[in-house]
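User: I have a model open and I'd like to talk it through with someone. Could you help me read it step by step?
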Amino acid sequence: MGQSSLIRPAGEAVTETVPSERATGVRRRSNWARRLSRDKLLVGIGLPGAIALVLFQYVPLLGNVIAFQDYQPYLGFTQAPFVGLQNFSFLWGGDPTFYNALINTLILTIIQTVLVFPVPLVLALLLSSVAGERLKRLLQSVLYMPHFLSWVIVVALFQQMLGNAGMLNTFLIQHNLPQFHIIGVPALFKVLITSQTIWKDAGWGTIIFLAAISQIDQEQYEAAAVDGAGSWRRLWHITLPSLKSLFILLLILRLGNSLNVGFEQIVLQQGPVGRDASEVLDTWVYNNGILGGNWGMSGAVGLVKMVVGIGLVIGANKLAHMFGERGVYEK
Amino acid sequence: MTTLDQVRGSSRESSRSRKRPVWMEKPSLFVQVIKFIVLLIAIALVIVPFWSVFATSLANKATIDASAGGMVLWPGHGMSLASYQALLSGGVVTRALIISIGITAVGTLLSLAATAGLAYWLSRSRSFAAKPVLMLVLGAVLFSPGLIPSYLLVKQLSLLDSWWSLILPVLVNAFNVIVMRAFFQELPQELFESAAIDGASNLTILTRIVLPLSKAVLAVIGLFYAVGYWNAFFNALIYIQTSDKWPIALILRTFVVNQQSIGGDQVANTQGLPPQLSMEMAILVIATLPILIVYPFIQRHFAKGVMIGAVKG
């Protein structure tokens, strides 16, 4: 999930150059042409990757110009007339489908933060209490695995298990029990999405908690046990407090990511439940822009979402720093 | 129980005590049972769907009909590979499979080369322009340019409906660059210096020293890329318009998620076609199997790969 991956660069700034290298760097910086000719092979090796990164991460930003245009594919960027902020009218004009998408996004964010977020912690606590390294590793292997499956596979598996002709309902029919419909039911769509997210990524999310648990000083437990603390009290007074800062950090990062809620996952399942129940911001952009041809406004929504998203990440980092954590990047 | 343990020599005894320190009390039976049940349910929730899909893909019509036309947990007597034969003897699924394998192979190789090259450049901190380029890479971790602008760029580059649109936009993952750079910086830098004094060029150092020492990280990141290419769904959905060029993920969506029926147009040999459900499940197995095969290999390394940045802080 995004949380665990976002953390990776945290250590990055720490692995920066050692001071002595930096000093020599300053000395040589005066003559960059000479350095280029010295390093031309090195730069040549790295350049294809750098070009690909810039081309597909930074150049598309120029395409955001269509947010201010009445863009039509046959006209292109240069011919399309500029319309000022008209495409941003969704912000004040009240396009009901947009508000629906926004509300769904926020509801899903809240559900996923409250329900999905703590599951890896509970699983990690359970796993860490399993005696026997080999059994523990086997359990971990099985639980991590769904993370590597694509959403298409996960959605297909859920259909086959819980769908109207799926395993659960087949079983219920055979035993003359009332059927249970969750796939394709608008009211339960958010429950379905949430349970899929848990199924796919809860196991993977335990990695970071398990690493943190393994770093807790064992002598604390021993001392507590000697003082008469039972296993629950040790959990409550040692394990959980030790994980508190990590938990807060992950929570903050989740907040920074809160406008992104399962795009592929939802696109795959929108058909049967309809857009009222399932539309989120990302699918709104996709449905109205690429499918609907309403390029200008979709571009504007995408742009606003990107800017708000960057703002949330930066804000979340500020928050992390306020809590004394390192966050995604250094101050 | 205790007598059994006493009978098994002392080495066994010491390994047991390492599992539970002396001070730790024996967990109560109730807690043990609860733990066992919860973990068993968690494991079953992962494994049962796979098993059921696999079993159904082998089942014949009689077995499926016997379970009210739904999924089965045991393929039964008439189990056969007929679904796989039908799907893999030419037709849509075979073609998609070849396409996906091709994209995964080409994409993974190119991604690894580009990522390793860029990471190597940035790992030599005194090298030309390493700092600003590193900032670009870090920036790319923080945001993604968004759907519409990315689509327009691919369109402008005339990559629409080309398989390159599934490779080039995801060629370099900024995260992987950072992980690999961190790994390269961990290598003993004296090796590079002495090789340079001996007259080795940067390219020689990379291919002769850095890469051979970095097999573990190359394997992990290569497998991450490969899984990404194999799973690629959304880019294929928006960039590839001709259904003849679809990779396996889109085939899976069409025939399994959207339940389009598989008939004469989709398979080469329509004689005595296996049941639809078996074939659908066989597609699902085919799409999942490569990941299940490589998974144990990634699995050994990925904790290290994922944690490298975080733990080093």
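Analyst: Gladly, and one term should come before anything else: the domain bounds used here come from an automatic or database domain assignment. Please also keep in mind that this is a predicted model.

User: Okay, so what domains does the assignment give for chain B?
Analyst: For chain B the assignment gives domain 1, covering 2-80, and domain 2, covering 86-312. Where these two domains of chain B touch, domain 1 contributes seven residues and domain 2 contributes seven residues.

User: Which elements are on the domain 1 side of that contact, counting those that give two or more residues?
Analyst: In chain B, helix H3 (29-58) and helix H4 (61-66) each give two or more residues to the side of domain 1 that touches domain 2. The largest share of that side, four residues, comes from H3(B). Sorted by class, the residues on this side of domain 1 of chain B are four nonpolar, two polar and one charged.

User: Switching topic, how many helices and strands are in chain B?
Analyst: Chain B has 16 helices and zero strands. Of the 313 residues in chain B, 42% are buried. Among the contacts in chain B with a separation of 6 or more, 71% are between residues 24 or more positions apart.

User: And how many residues do chain A and chain B put into their contact?
Analyst: The contact takes 92 residues from chain A and 91 residues from chain B. On the chain A side, helix H4 (residues 40-58) of chain A supplies the largest share, 13 residues.

User: What about the classes on the side of chain A that touches chain B?
Analyst: That side of chain A has 55 nonpolar, 28 polar and nine charged residues.

Notes
Residues are numbered from 1 along each chain as its sequence is written. Chains are lettered from A and ligands numbered from 1 in the order in which they are written. This is a predicted model: local features need pLDDT of at least 70, side-chain atom pairs count only at pLDDT 80 or more; totals for chains, interfaces and linings use all residues. Ala, Val, Leu, Ile, Met, Phe, Trp, Tyr, Cys and Pro count as nonpolar, Asp, Glu, Lys and Arg as charged, and the others, Gly among them, as polar. A residue is buried if 20 or more other C-beta atoms lie within 10 Å of its own, exposed if 12 or fewer, and partly exposed in between; C-beta atoms are placed from the backbone.
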